[in-house]
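Dear colleague,

Please find below the sequence and structure that I am handing over to you. My notes on the findings follow directly after.

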Amino acid sequence: MKKTTLLIVGTAVLMVAAWGLRGIEAKQGTDEPALRVGVVKVTRVLTECQEYLDRDKKMKQKEQEIRTELSRLREESETIRQELENVLTPASDEYMARLKEWFDKKYDFESLKEYQKESLTTATQAWTESLYGRFLSEVASIARQKDLTLVLNKDETEMKSRNVAELSAMIMNRKVLYNSANLDITALVIERMDMAYDKEKAAGSTGTTPEIK
């Protein structure tokens with residue numbers, strides 16, 4: 001009887017100790033913050049926000065203006081070339097004057113083409129860096145508000161490749177394989193960036209990056 005009592009008491013003590021350890025472990029576990037993850041489609045944000053759409057429209061207008069100006073210079077150069085070959089007397093004063101003008105037109109054409117290419121590239125790089133910086137700020141702000149520990153870029157590239165090596169690279173570079181819809185903050189990031197952009201436009205400013213000239 002005494003042995004049975006001691007066995008029951010001993011078992012009870014062990015059970016209490018075990019539950020106590022579980023309680024401690026559970027308490028210790030709650031000290032570590034739970035991992036909360038969000039995803040954002042970076043490419044979609046950067047190509048669908050209003051600032052990008054406005055700039056893209058301006059870029060297309062500027063490119064059309066450049067094409068028009070280059071076309072004008074090309075036509076003028078061709079007209080002078082035709083005169084030099086078919087109308088003017090070689091070595092005459094008028095011929096030499098038009099020859100110089102022809103070389104000037106060719107120089108203007110090449111200089112304008114190279115200048116516009118370089119200036120647009122430089123301005124676009126500076127603007128893209130600025131836009132990406134503001135994008136990161138909005139992501140960080142939303143992550144703090146939603147108590148997210150980590151935000152990952154979700155690649156939307158379709159799994160279509162030209163060869164096995166390209167397919168393998170696409171597979172290895174894809175970081176997010178699945179996420180529930182409530183983890184996706186893409187739409188919210190676009191909304192916040194558009195709100196900030198609207199405020200800048202209302203204040204007469206669209207950032208400190210170079211304008212398209």
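How many residues apart in helix H3 are arginine 81 and glutamate 78? The model is a predicted one, and in it the two positions are 3 residues apart, so that about one helical turn separates them within helix H3, which spans residues 50-86. Their side chains meet in a salt bridge, with a distance of 2.6 Å from N to O. Arginine 81 is partly exposed, its relative accessible area being 25%. Glutamate 78 is likewise classed as partly exposed, at 34% relative accessibility. As a general point, side chains of opposite charge can pair when their charged atoms come close.

The salt bridge just described belongs to a set of 14 in the structure. Two further examples come from helix H4.

Helix H4 covers residues 93-145 and contains both lysine 100 and aspartate 104, which are 4 residues apart, about one turn of the helix. These two residues form a salt bridge in which the closest N and O atoms are 3.1 Å apart. Are the two partners buried or exposed? Lysine 100 is exposed, with a relative accessible area of 54%, whereas aspartate 104 counts as partly exposed at 35%. The cut-off that matters here is 50%, since exposed means a relative accessible area over that value.

The second example in helix H4 joins glutamate 110 to lysine 113, and the closest N and O atoms of this salt bridge are 3.7 Å apart. Glutamate 110 and lysine 113 are 3 residues apart in the helix, again about one turn. Both are partly exposed: glutamate 110 has a relative accessibility of 40%, and lysine 113 has a relative accessible area of 33%. Elsewhere, Glu69, Arg72, Glu76 and Lys105 are joined into one network by salt bridges that share partners.

I would also draw your attention to a nonpolar feature. Which residues form a nonpolar patch on the surface? They are Met159, Leu167, Ile171 and Met172, and together they present about 380 Å² of accessible area. One of these residues, isoleucine 171, lies in helix H5, which runs over residues 164-173. Isoleucine 171 is partly exposed, with a relative accessible area of 46%. That value satisfies the requirement for membership of a patch, namely a relative accessible area over 30%.

Yours sincerely

How values were computed. Residues numbered from 1 in each chain as written. Predicted model: local features only at pLDDT ≥ 70, side-chain atom pairs only at ≥ 80, totals over all residues. Heavy atoms only, no water. Salt bridge = Lys/Arg side-chain N within 4 Å of Asp/Glu carboxyl O. Buried < 20%, exposed > 50% of the residue type's maximum accessible area, 1.4 Å probe, protein only. Patch = residues over 30% accessible without salt bridge, like charges linked within 9 Å, V, L, I, M, F, W, Y side chains within 5 Å. Areas by Shrake-Rupley, 256 points an atom, 1.4 Å probe, with all protein chains shown as cover.
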